[in-house]
Amino acid sequence: MEGMDVHLDPELMQKFGCLGTTDKDVLISEFQRSLGFQLNPAGCAFFLDMTNWNLQAAIGASYDFESPNISVPSMSSVEDVTIGEGESIPPDTQFIKTWRIQNSGAEAWPPGVCLKYVGGDQFGHMNMVMVRSLEPQEIADVSVQMCSPSRAGMYQGQWRKKKKKK
């Protein structure tokens, strides 16, 4: 929050440092309460997820977000190029998952944007793939090598756009 005239109550920040829970619902509730309920639970979850569920860092990120000179890269999923939702793959089979994505924002992406595995079933060892900087409205394909589980069944993994930490 360098360069900003935001003064946070040291006692409040100390309380956040002592909050030792990993329960996401509790963290969302505490975050929402700390901001005077100015942000809905989904917005709180966004900032918490972006900061690996670190409450203090999420509060800082939310203040940074309110700064007029900072923009968040926007991404839209255009289509699943390979292996769409509900498609079947034989057990224990190597495959390449490709998403077609678009920079749906008004500015080029900064370096360090990536797609990251965030939950559900993980198909292999890869948990992140870098995405090149895209110009506004530019479309690109992003691929990840994966392997289907050894047992037949319904599986699903979730990936999200993230800004890689330096």
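In this predicted model, three strands are arranged as an open sheet whose order is E1-E2-E5, and their pairing is antiparallel. Strand E1, covering 75-80, and strand E5, covering 139-147, lie at the edges with a single partner strand each, so one side of each is left without a neighbour in the sheet. From one strand to the next, the twist averages 35 degrees. Strands of a sheet pair through backbone hydrogen bonds, and they may do so in a parallel or an antiparallel manner. Here, strand E2, made of residues 94-103, pairs with E5 in the antiparallel sense over nine bridges, and within this part of the structure Ile-101 stands opposite Ala-140 of E5.

Ile-101 also leads from the sheet to the nonpolar interior, since it is listed among the residues with the most contacts inside the largest nonpolar core, together with Trp-99, Leu-115, Met-146 and Trp-159. That core has 16 residues, and at least two of them are supplied by each of E2, E5 and strand E3, which spans 113-120. The largest share, four residues, comes from E5.

Trp-159 gives a closer view of these surroundings: leaving aside residues up to four places away in sequence, Trp-159 touches Trp-99, Leu-115 and Met-146, among others. Its contacts also include Lys-116, Tyr-117 and Val-118, as well as Met-126, Asn-127, Met-128 and Val-129, and finally Val-144. Separate from this core there is a second one, which consists of eleven residues and includes Leu-27, Leu-35, Cys-44 and Ile-59.

How values were computed:
Residues numbered from 1 in each chain as written. Predicted model: local features only at pLDDT ≥ 70, side-chain atom pairs only at ≥ 80, totals over all residues. Heavy atoms only, no water. Pairing = 2+ DSSP bridges. Helix = DSSP H or I, 4+ residues; strand = E, 2+ residues; numbered from the N terminus. Axes fitted to C-alpha atoms, helices over the stretch in contact; angles between N-to-C directions. Core = buried A, V, L, I, M, F, W, Y, C linked by side-chain atoms within 4.5 Å. Buried < 20%, exposed > 50% of the residue type's maximum accessible area, 1.4 Å probe, protein only. Contact = heavy atoms within 4.5 Å.
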